[in-house]
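Got your viewer open? Let's take a short walk, one selection at a time.

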Amino acid sequence: MSIQAPKGFNDFLPGEQYGWKDSYRWQQLEEHFRKVAGQYGYQEFRPPLVEFLELFVHGVGTTTDIVTKEMFNIVPRGDDPDPRRMAMRPELTAGLCRMYIENGIANQPQPTKIFAFGPNFRYENVQKGRFRQLHQLDVEVFGAQDPAVDAEVIHLSLDVVGRLGLKGLTVNVNSIGCPVCRPKYREALQNHFRPHLAELCEDCNTRIDKNPLRLLDCKKDSRHPAQQNAPVGLDYLCDECKTHWEGLLANLNALSVNYQVDTRIVRGLDYYTKTVFEVVSPKLGAQSALWGGGRYDGLMETVGGKPTPGVGFGMGMERVLMALEAEGLLEGAFPARPRMDAFIATMGDVARPAGLKLLYELRAAGISTDIDYLGRSLKAQMKYAGKQNSRFVIILGEDEVKNGVAAVKNMDAGEQQTVPLTDLVRHIQTIG
Ligand SMILES: [Zn+2]
Ligand SMILES: [Zn+2]
């Protein structure tokens with residue numbers, strides 16, 4: 001019997017032959033994200049992978065596909081005193097809100113600038129090449145209304161990938177208003193689309209009452225004539241939303257962010273207010289947003305907190321690494337893979353224990369070192385060390401041990417010299 005990974009769940013392994021699934025590249029992307037977010041003043045929050053289902057029902061929204069079709073639910077055992085259902089997190093924002101509320105973070109100096117990353121779980125259609133475990137780099141700012149923060153978040157997201165070489169991206173921005181002005185816009189959309197319902201897809205027929213904004217980004221009906229002259233949300237903004245929108249554009253201009261206004265971006269999530277954005281790569285096609293985000297001033301209340309403005313984004317790590325690969329940038333995006341400093345090759349029964357002792361001495365001195373564990377011949381040990389890409393091979397035989405020296409081969413220069421064991425650390429540290 002051979003058991004394979006469930007469909008939609010990826011393995012990540014070390015080695016450049018694994019392309020975007022190379023675990024070294026994942027590690028470097030995380031490290032890079034930590035660094036850039038740190039430079040912008042963000043600190044890491046780590047929400048759990050599992051929360052009570054109700055958090056996502058309230059925090060992500062009952063009309064979203066994520067909650068209605070894609071949740072990985074966990075049914076408690078019959079003997080669990082808490083009968084509430086739990087779920088694998090489908091995204092990070094709801095859990096971060098819960099953390100913010102539960103830990104009283106609002107009492108600390110505001111705003112709270114958060115970064116988080118890790119796996120999310122969605123029961124996606126694997127036939128369409130989607131993943132059920134997908135990873136995100138996530139940023140949230142809680143407690144600030146200023147459109148300069150929206151611009152900072154957008155700029156940060158572009159900076160993360162820009163520094164890896166992914167440039168020439170376009171940010172599509174829109175404002176979807178607030179609870180004051182959105183009802184009028186919803187009504188206008190309902191009046192506009194209702195006469196065409198018979199020609200629109202099943203989802204649109206369901207959404208017209210619950211979430212009419214979603215009719216604008218329906219993929220199936222994108223070519224329907226009614227889309228062409230649909231009411232535009234920006235025309236319905238209240239004064240506060242209008243001022244915020246103009247502030248956002250002024251800040252994006254000041255930062256020289258390459259943006260376009262796209263009034264069809266509405267995002268799939270109910271809790272968004274004002275700013276919504278999506279980043280697309282012209283090379284990868286406008287249909288596939290690399291990531292998106294926006295403002296969600298209503299979310300904190302929805303999950304039981306005090307009214308608190310929020311803005312952020314979630315960036316798919318798979319998408320970023322696949323985009324780098326598609327553009328041939330994967331090789332140069334991250335620092336070169338670290339090499340082993342030294343490999344110890346031993347000959348004979350006397351040299352073996354001396355080699356093992358030396359192995360741990362070098363490691364303790366901060367030198368990455370490995371040794372053969374398969375009883376290989378000297379020739380095979382040298383070959384193995386070459387495959388491991390070690391900078392040095394330290395050769396120990398009975399004579400060397402007796403004389404307190406080692407034959408040290410510099411694998412890059414191809415030179416070999418005799419070095420006293422007491423001088424070995426300095427020798428390896430000073431060369432290369
Ligand atoms: Zn408004
Ligand atoms: Zn539709």
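Before we start, a bit of vocabulary: two strands pair if DSSP finds at least two bridges between them. Keep in mind, too, that this is a predicted model.

Start by colouring the domains. Domain 1 covers 16–181 + 237–333, and domain 2 covers 342–430. Their centres, taken over C-alpha atoms, are 49 Å apart.

Next, click on the zinc ion (ligand 1). Which residues are its protein donors? Show Cys 178, Cys 181, Cys 238 and Cys 241: each one offers its SG, at 2.2 to 2.3 Å from the zinc ion. The four donor atoms subtend angles of 101 to 114 degrees, so the arrangement is tetrahedral. Along the sequence, the donors follow the spacing C-x2-C-x56-C-x2-C. Now keep just Cys 181 and Cys 241 selected. Cys 181 sits in the loop between strand S7 (170–175) and helix H6 (182–193), while Cys 241 belongs to helix H9 (residues 239–254), so this pair ties together parts that lie 60 residues apart in sequence. Both Cys 181 and Cys 241 are buried.

Now jump to strand S14 (residues 392–396). Buried or exposed? Five of its five residues are buried. Turn on the side chains: Phe 392, Ile 394 and Leu 396 point one way, Val 393 and Ile 395 the other. That fits a general pattern: in a regular strand, side chains alternate between the two faces of the sheet.

Last stop, the partners of S14. Strand S12 (residues 342–346) runs parallel to S14, joined by five bridges; look for Ala 342 opposite Phe 392. Strand S15 (residues 405–410) pairs with S14 in the antiparallel sense over four bridges, and there Ala 407 is the bridge partner of Ile 395.

How values were computed. Residues numbered from 1 in each chain as written. Chains lettered and ligands numbered in written order. Predicted model: local features only at pLDDT ≥ 70, side-chain atom pairs only at ≥ 80, totals over all residues. Heavy atoms only, no water. Donors = N, O, S within 2.8 Å, 3.2 Å for Na, K, Ca; no water. Tetrahedral: all angles 85-135°; square planar, octahedral: opposite > 155°, others 65-115°. Helix = DSSP H or I, 4+ residues; strand = E, 2+ residues; numbered from the N terminus. Buried < 20%, exposed > 50% of the residue type's maximum accessible area, 1.4 Å probe, protein only. Domains from an automatic or database assignment.
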